[in-house]
Amino acid sequence: MSEPLVFELGRSGRLAGAQVPEAGAAVDLPPEMLRDSRPQLPEVSELDAVRHYTRLSQRNFSIDTQFYPLGSCTMKYNPRGCNTYAMLPGFLQRHPLAPEDVSQGFLACMYELQRMLCRVTGMTAFSLTPMAGAQGELSGVAMIRAYHLDRGDTERTEILVPDAAHGTNPATAVKCGFAVRELPTAADGDLDIDALRRLAGPRTAGIMLTNPSTLGLFERRIQEVRDIIHGAGGLLYYDGANLNAILGKVLPGDMGFDVIHINLHKTFSTPHGGGGPGSGAVGVGERLEPFLPTPFVGIGADGYRWVDAADHPKSIGRLSAFMGNAGVLLRAYIYMRMLGRRGMERVADYAVLNANYVMARLAAAGFDLAYPERRACHEFVVTLKRQAREHGLTAINLAKALLDRGFHAPTTYFPLLVPECLLIEPTETESKETLDRFVDAMADILAEAQVDPERCKQAPVTMPVRRLDEVRAARKPDLRYRP
Amino acid sequence: MSDIPENLKYTRDHEWIAETDDGTAVVGITDHAQEALGDLVFVELPEMHRDVETGDVCAVVESVKAASDVYSPVAGNIAEVNLALDESPELVNADPYGEGWLFRMTPASPADLEELLDAQAYERVLAEMDD
């Protein structure tokens, strides 16, 4: 049953007492700035408002209610302990502009978080200020640009990006003023090294890589990639989206990366989805340290302090009014402290084990793997090209049928180079029983499609809404309530 | 099997190009490409009078599944773009070789078109992909 909009529930004159602001005219505004008509606000009772939003929340798929194997997004469990400690009154009530001498506890946490992130990535310095993964990318590539310009090298106008990359990579490069050169993927799933040799040269500012790649494969020739790029005078950017697979096992710094962004909301389990708040903390090796965005936390004579542009003149500057999402950073800090060094390695152990277990079971159940000869990292790609042709079981049909069986769908149609693909990432926090139920549901959908191909095209049938018209939604978006 | 008209030239990236009598050439995406992308929701067209090299990204076709670059089949200058696609991107799905054309260009060297794939060669490209 569809839920009406809160506006449609409204009746003139009803109000939610607890939400009504203190009465009082805006006396200090000039008359021409005052509106002459009443704003169209929903008029519902407090109880109606509570019920409306509670019903909506119950219709959500979420990590707290369902298995959520959304590839490349690392939808893992958010431990409640992180929440508990981040909600301590001392943290909650600290004003972002509070002086350093009364913020030493918070600053100590942020300083230690920077240090732990350096240790687990092999970088020499970290800034926690980017507010999301895309902003982390932006600051990373802006630093690459600043580095080359600082040396007077103005000829480096190109960034190399693999064809399997996240869409944000080429977007970031273009936003920073670079031209994008796309690198093909070789048949075995690794980067095409010959193409890399042809494209790398005096115009190369850097390369943006995700390792393991978005195909869930570890780039085995990463040292060759490093030698080619550094040999050409470029820098290596590490997109931290898939860090979960190698956490504590391999350091991006050891692979030769010069700059990295980490989605703390993925690997370090801060709440995720719905557009934020996120954190795209950015780390650098020595060469890029002078360009790190400010502020970050340093140690002075009187304890911890903010390092700002005055101390760090070559910085690419500020990215936000304050220094990132404090609550998110605290949750990541507590998560890391709870795990410890050995715990981080176990994250990678179980993320990889779970992915390979599900991959092997799905292959045995009749699904085709995009790279059957390769071991998966934390995620893997299934292609439904054969099933789509034979039974009409496309990636979108399978995704919708999974909803009916109580599972959030995996990522569909990404990476773009694999037709009819699903990108499946179980994460380390799921039990074997949950993984088995997921495989059973997938096998059940496949069996159903073979017997009755029309069924999967009708899915979902148990959700509050049936198949949505995505094409019409994109072509003619209807985003505003009109009475 | 997708439609591959005999009188057009093709690229491995699924663009088609057609010479016209006035020396310009019309470019679009193939029936296979529109089928693979699914229903288009947005088409970004190149700037008028822009000079492009072979392989330059000069348009973007976006469906609910994916956004995909369109590369210039040959070097030249953009002479006209299909403004009807701003309002009706679905023309590319309905009629990829006709009303769904993307842009018209003046090739720098008309001989470059001879280097491209003919219908049989493009059909082989599709067959290889299907293996």
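Start in chain A of this predicted model by selecting residues 421-424, which is strand β13, together with β12 of chain A: the two pair in the antiparallel sense over 2 bridges. To see one of the residue pairs, pick A:Thr411; its bridge partner in β13(A) is A:Leu423.

Now widen the selection to the sheet these strands belong to. It is an open sheet of 4 strands, antiparallel in its pairing, and in chain A the order reads β10-β11-β13-β12. Colour β10 (368-369) and β12 (411-412) of chain A separately, as these are the edge strands, each pairing on one side only. Next, show residues 326-364 of chain A: that's helix α12, and it packs on the sheet, touching β10, β11 (380-383) and β13 of chain A. Look along β11(A) and compare directions; α12 makes about 15° with that strand.

Stay in chain A and go to helix α14, residues 395-404. Is this helix mostly covered or mostly uncovered? Mostly covered: 8 of its 10 residues are buried. Select A:Ala395, A:Ile396, A:Asn397, A:Leu398, A:Ala399, A:Lys400, A:Ala401 and A:Leu402 to light up the buried set of α14(A). Note that A:Asn397 and A:Lys400 are in that list too. What do the buried residues of α14(A) pack against? Turn on β12 and β13, which you've already met, plus α15 (432-451) and α16 (453-458) of chain A. After α14(A), click on A:Gly406, where phi is positive, near 85°.

Time to zoom out. Colour chain A by its domain assignment: 6-58 for domain 1, 81-339 for domain 2 and 347-473 for domain 3. Put a marker at the centre of domain 2 and another at the centre of domain 3 of chain A, and the C-alpha centres come out 31 Å apart. Between these two domains, 18 residues of domain 2 are in contact with 16 residues of domain 3 of chain A. Colour the domain 2 side of that contact by class and you get 9 nonpolar, 7 polar and 2 charged residues.

Next, bring chain B into view and find where it meets chain A. How many residues of each chain are in contact? It's 6 residues of chain A with 5 residues of chain B. On the chain A side, 4 of the residues are nonpolar and 2 are charged, with no polar ones.

Hide chain A and look at chain B by itself. You should find 4 helices and 9 strands. Trace from the N terminus and the elements go β-β-β-α-β-β-β-β-β-α-α-β-α. A box around the C-alpha atoms of chain B, drawn along the principal axes, is roughly 35 × 35 × 25 Å. The radius of gyration is 14 Å, which agrees with the value near 14 Å for a compact globule of 131 residues. Colour by burial, and 37% of the 131 residues in chain B show up as buried. A contact map is worth opening here: among contacts in chain B between residues at least 6 apart in sequence, 64% join residues at least 24 apart.

For the last stop, select the open sheet of 3 strands in chain B, with the order β4-β6-β7 and antiparallel pairing. At its edges are β4 (40-44) and β7 (67-71) of chain B, each pairing on one side only. Neighbouring strands of this sheet are turned against each other by 20° on average, direction ignored. Zoom in on β6 (residues 57-63) of chain B, which pairs with β7(B) over 5 bridges in the antiparallel sense. Finish by labelling B:Glu62 and, opposite this residue in β7(B), B:Ala67.

How values were computed:
Residues numbered from 1 in each chain as written. Chains lettered and ligands numbered in written order. Predicted model: local features only at pLDDT ≥ 70, side-chain atom pairs only at ≥ 80, totals over all residues. Pairing = 2+ DSSP bridges. Contact = placed C-beta atoms within 7 Å. Axes fitted to C-alpha atoms, helices over the stretch in contact; angles between N-to-C directions. Nonpolar A, V, L, I, M, F, W, Y, C, P; charged D, E, K, R; others polar. Rg over C-alpha atoms; globule rule 2.2 N^0.38 Å. Buried ≥ 20, exposed ≤ 12 C-beta atoms within 10 Å, placed from the backbone. Domains from an automatic or database assignment.
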